[in-house]
Amino acid sequence: MTTTHTPTATLDARASAGWLRRFARTTPGVIGLIAVIVAASCVVAGVVVGGQLDSRIAKGDAVLDHSEPFAYNAQKLYAALSAADAAAATEYLSGGLETAPMRARYQQALADAAEALTDATLGASDAQTRTTLAQISAELAAYTGQVESARANNRQGFAVGAAYFREASSSMQTSMLPSAEQVYTEALAAVDEDQKAVASLPVVGLVLLLIVLVLIAVGSLILVGRTNRQFNMGLIAAAIAVVLVAAWVVAANVFAANSIEASRTQGTARFEQLANARVIAQKARTEETLQLISRGDITAGEKSFGDRIGQLTALLQDENAAGSVAAWTASHGRQVELYQGGDYPGALAQAIGPDPSGSAALFASIETSLNDAIEQTRTTLRDDVSAAGTRLSWSPTGTLVLMVIAAAAAVVGLWPRLKEFL
Amino acid sequence: MKVRIAMALVMLALTSACGSPEAPQAVTVTPVNAMPGGAEQVGTAPAAGNADCDREASLRPGPQPAPGAMPPGSTMANILARGRLIVGVDQSTNLFGSRNPATGQLEGFDVDLARELARSIFGDPNRVDLRVVTAAQRETALQEGQVDLVVRTYSITCERKKKVAFSTPYYVAKQRILATKNSGIRTAADLSGKRVCAVKGTTSLAALFALDPRPTLYGVGQWTDCLVMVQQGQVDAISTDDVVLSGLLAQDRRNLELVGASIGDEPYGVGVKLENQDLVRFVNGALDQMREDGTWERLYQANLQQVAPSPGPPAARYQD
């Protein structure tokens, strides 16, 4: 049965291996061996370095196509949910006769949330994140139901409307928003990971290039010893090509790293800072309206509002919105003054009235300004990551081509030496 | 032999590669059954209502000062100087204290009573600053001086009288049951094995906890939260003072009914900080005036006539 393993075949294999060993000790054998080893190592190093550069470009594409859009949508989801709650609260406070713009703001927030949920779900690769998003989706459906129950009861003059609204807001604040925040925080961390990967130096590839150089040097020395000739031009050309590749790889990586650094400080870090500021502003606004809805002791609410404004001011000190935050704080101060003085309608007007110097208008201007800044930061981030990709874009092909040229140079350069013996 | 093993390995590799790929993991979502914030099942005994004491007896009023002329150095004089009487009320109990959604204003028997007390001090019922306090916040709000008075369906109990002072009762409520029409609940005994809602920190919850056998109890923040839980099918009944219940009933007449005999009487008093005895006497004097001059009757007609015909104001009793 074992036809392939006849004793003859084994003998043949042993005989040819022996012949190869003997041939390798002869000068033409050594020259041939050097040519094969140098050419092969050049090609292998070229493939490995090219592959490593390729994976960095792929990481950059992953930031642009996947992790950054996901983080953006997660952020948008959080902001939209929070905005929906703030809009519903304002609408509730305004009494049975909801004004059209308030209703429109609530509807817009729900539409934003639906967009963000769909886009985020598409970008969520792991089952756990998708489960969290699905849970938010289910809770959002229940939330809108409760808000409509609140509205229907409110129109009939039933106090149970307020209870439905409190239930809705409570599920928003204690369940949906924390879930959305978690998704968003993890998404931003993933963006940062991918960005770092784009700029990392391909160490394995560089070490391989160094090994190739050492092999060429050793080969050249052996050749000089065996043939009593000067250094082989082919091997020198191969060495130059390898050095060129190494220089290219390092330079491209340094440039890419610069772009990535810019994308992280001007992009990711600022994006995170602005998005945090937006979240804190929304929380402070909800706090402000809830004080008027619960209409009780506001000591705890005031402390929390003050803390949030403190954080907001610290985050936004260099931003356009800083002035509006100060104005808003002043407007809130007037609201509290009116409230403490027992002038509830006055406090209500200060908080949700149409006055351009009132809290509602100032909050809207902060929200708009933060939203614009976030969009702008997003563009910066994407441009920088894309620039990093451009810096690397030709490097895999270039590396491979140069390394094949190096291999060819070695073979072509050694061929005349080998031919002298044939 | 080696070839066979190699062939077998190759076959294995091929078949495993050709097998149907596992479907991507599907997400599972638990159904959303939202309850009002802070709702929880009550497992431990709430603070007991009534030890042995004459809970309705309060401090006897002295000569009643005229509005705007409070005795110097008294608590009322401080309030007069401040310009507003700060009163803790409810915003979610129909008939006693609720917000009119159309106007945003608070209204009800308790709110009107607070205005009358402001009239007694200032001569002007509008010099009142209404602050919403939850049932559980009532004692602390008084003790920490956030409010001068609490007029908020505040049952007088011996336990509470250790922490705050009460006026004479201005209304006597009866604890009854508000159940869904098809629940089969007719009396307190029928509550066995049912789910019942009450506000945390109330005497109603303590009375329900004392029932034997004890129903499954849910504690919430406000009475309207109980109505939400009934409408969402999370509890079968609510039990508390009849006036509170009729306020809830008015919001869902079609599906709910008020049943059962009284589980207990709940005299409502105006809560005052324990140390402010002069204010207790002043409020009692003002309440006496309202009983006599028909103001009490007027407030009853304006707010509670729809519940039952007026039983007349509860009699004042003094502890000396």
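The C-alpha centres of domain 1 of chain B and domain 2 of chain B lie 26 Å apart in this predicted model. The domain bounds, which come from an automatic or database domain assignment, place residues 40-45 + 173-265 of chain B in domain 1 and residues 57-171 + 267-318 of chain B in domain 2.

Two conventions apply throughout: residues are numbered from 1 along each chain as its sequence is written, while chains are lettered from A and ligands numbered from 1 in the order in which they are written. As to confidence, local features need pLDDT of at least 70 and side-chain atom pairs count only at pLDDT 80 or more, whereas totals for chains, interfaces and linings use all residues.

**The two domains of chain B**

The contact between the domains takes 19 residues from domain 1 of chain B and 16 residues from domain 2 of chain B, where two residues are in contact if their C-beta atoms, placed from the backbone, lie within 7 Å. On the side of domain 1 of chain B that touches domain 2 of chain B, the elements giving two or more residues are helix 7 (223-231) and helix 8 (242-249) of chain B; helices (H or I, at least four residues) and strands (E, at least two) are DSSP runs, numbered from the N terminus. Helix 8 of chain B supplies the largest share of that side, 5 residues.

**The contact between the chains**

Chain B and chain A meet through 32 residues from chain B and 32 residues from chain A. Strand 5 (97-99), strand 7 (128-132) and helix 7 of chain B are the elements that give two or more residues to the side of chain B that touches chain A, and the largest share of that side, 4 residues, comes from helix 7 of chain B. For the complex, the predictor gives an ipTM of 0.73 and a pTM of 0.76.

**Helix packing in chain A**

Helix 4 (residues 127-156) and helix 5 (residues 160-199) of chain A pack at an angle of about 165°, with their axes 8 Å apart; axes are lines fitted to C-alpha atoms, for helices over the stretch in contact, and angles run from 0 to 180 degrees between N-to-C directions. Helix 4 of chain A is therefore roughly antiparallel to helix 5 of chain A, since angles under 35 degrees count as roughly parallel, over 145 as roughly antiparallel, 65 to 115 as roughly perpendicular and the rest as oblique. The axes of helix 2 (residues 27-93) and helix 12 (residues 395-419) of chain A come within 8 Å and cross at roughly 175°, which means that helix 2 of chain A is roughly antiparallel to helix 12 of chain A.

**Residue classes at the contacts**

In the table, Ala, Val, Leu, Ile, Met, Phe, Trp, Tyr, Cys and Pro count as nonpolar, Asp, Glu, Lys and Arg as charged, and the others, Gly among them, as polar.

| Contact | Nonpolar | Polar | Charged |
|---|---|---|---|
| Side of domain 1 of chain B that touches domain 2 of chain B | 7 residues | 9 residues | 3 residues |
| Side of chain B that touches chain A | 12 residues | 15 residues | 5 residues |
| Helix 4 of chain A with helix 5 of chain A | 14 residues | 12 residues | 2 residues |
| Helix 2 of chain A with helix 12 of chain A | 22 residues | 5 residues | 2 residues |

**Confidence and local backbone features**

The mean pLDDT (the predictor's confidence in each residue, from 0 to 100) of chain A is 87, and 95% of its residues reach 70 or more; for chain B the mean is 87, and 91% of its residues reach 70 or more. Within chain A, confidence is lowest in helix 1 (residues 7-24), at a mean of 73, and highest in helix 4, at 92.

In chain B, a cis peptide bond with omega of about -5° joins B:Asp212 and B:Pro213, and B:Pro213 is found in the loop between helix 6 (203-209) and strand 12 (216-220) of chain B. B:Thr153, in the loop between strand 8 (149-150) and helix 5 (158-161) of chain B, has a phi near 30°, a positive value in a residue other than glycine.
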